[in-house]
Amino acid sequence: MTDSSGNMKVCRALPSNKVNSREVRRVVEEIIDESEVKPSTIRFFRGAMFNMINIALSEIDVIAKPSRCTFALAQWIEDRNRDVYPKMEGYRATMSGIGGIGGTFLDIRTAVKLPDALRGEKYAFVGLPLAEFLPGGGIDNNNIGVGRLCPVDSTLAADSFVQGVVILTPRAKALASWLAGTEVAGLKADLRKRELVMETDIDNQYLMAKLNDDQRREAAVYEEGKDALNGLHFISVQKDEDDDPAGFWLLREIPESL
């Protein structure tokens, strides 16, 4: 378990014969009791363990949220996959990624069309300097509306550009409020299907737009930029180009191998 900033980290191992909702609840309660700041919400991203975790958390005084917005946890797991687990006895690299997010190797999910009242009139692929999101930069929790900022990996080059999508709509407040009520996890350009798809919760998908030839080329640059920064990207919902965001989300696409 970790907090959203990644400052608090607790790792407890359970033997295979005790991986059940009762033991998970016991461990979570112990960690909460030992914490100086008690959580109000606990997010978890493993769809394969949804029932067990949901049952465990249902008897604890917290809000349980299935979500891929577990950015600090994902970073920590990646660090352990690289630096810790390979040194442990019995480690097998072929076991990594089993039970992770996104379902199976054959992703057959179909994006659901957004309600017309929430659809944006215009979309634009844009880039912002990574330095804007670092300490002293121009984007922080004071100017992102109802959005959220995920932690930024300190090893990324400050002169890099973060790719993102700006959604322009007269209903910016309504769309931003709706997004704030979901666990918006990312925005993916499916170049094969020519679709711009929003990912929320554990495995929900919403079709934001169809991509024409020019947009598809821009979307390819967008996806390349995401890959260069380990999945980092952003979504900004605005009334027009000159308006402050009604909601701004800095997000990181979590690898499905987790």
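**Exercise 1. The start of α5**

Find which backbone nitrogen a side-chain oxygen of N212 approaches at the start of α5.

*Solution.* Go to the start of helix α5. There, a side-chain oxygen of N212 comes to within 3.1 Å of the backbone nitrogen of D214. A polar contact is a pair of N or O atoms within 3.5 Å; within protein, one must be able to donate a hydrogen and the other to accept it, and residues adjacent in sequence count only if both atoms are side-chain atoms.

A note on the source: this is a predicted model, where local features need pLDDT of at least 70, side-chain atom pairs count only at pLDDT 80 or more, and totals for chains, interfaces and linings use all residues. Residues are numbered from 1 along each chain as its sequence is written, and side-chain values use heavy atoms, with hydrogens and water left out.

**Exercise 2. The two sides of α5**

Describe the span of α5, then state which of its residues are buried and which are exposed.

*Solution.* Step one: the span. Helix α5 covers residues 213-228, 16 residues in total. From first C-alpha to last it reaches 23 Å, close to the 22 Å expected at 1.5 Å a residue. The expected span is 1.5 Å times one less than the number of residues. Helices (H or I, at least four residues) and strands (E, at least two) are DSSP runs, numbered from the N terminus.

Step two: the buried residues. These are A219, Y222, E223, G225 and K226. They lie on the same side of α5 because they cover an arc of only 155° around the axis. The arc is taken from the directions from the helix axis to the C-beta atoms. Buried means under 20% relative accessible area, exposed over 50%, partly exposed in between (1.4 Å probe, protein chains only).

Step three: the other side. R217, E224, D227 and A228 are exposed there.

Step four: the packing. The buried residues of α5 pack against β4 (122-129), β5 (161-168), β6 (184-190) and β9. Contact means heavy atoms within 4.5 Å.

**Exercise 3. Two positive phi angles**

Where do D201 and N230 lie, and how accessible are D201 and N230?

*Solution.* Take D201 first. D201 sits in the loop between β7 (195-200) and β8 (204-210). Its phi is positive, about 55°, although D201 is not a glycine. D201 counts as partly exposed because its relative accessibility is 23%.

Now N230. This residue lies in the loop between α5 and β9. N230 is not a glycine either, and its phi is near 55°. With a relative accessible area of 40%, N230 is partly exposed.

**Exercise 4. β9 and β10**

Place S236 in its strand, then work out how β9 and β10 pair.

*Solution.* Start with S236. S236 belongs to strand β9 (residues 232-238). S236 counts as buried because its relative accessibility is 1%. Leaving aside neighbours within four places in sequence, S236 contacts V165, V166, I167, P245, G247 and F248.

Next, the pairing. β9 and β10 run antiparallel over six bridges. Two strands pair if DSSP finds at least two bridges between them. L232 stands opposite R252 in β10.

Finally, β10 itself. Six of the six residues of β10 (residues 247-252) are buried, so β10 is largely enclosed by the rest of the structure. G247, W249 and L251 point one way, while F248, L250 and R252 point the other way.
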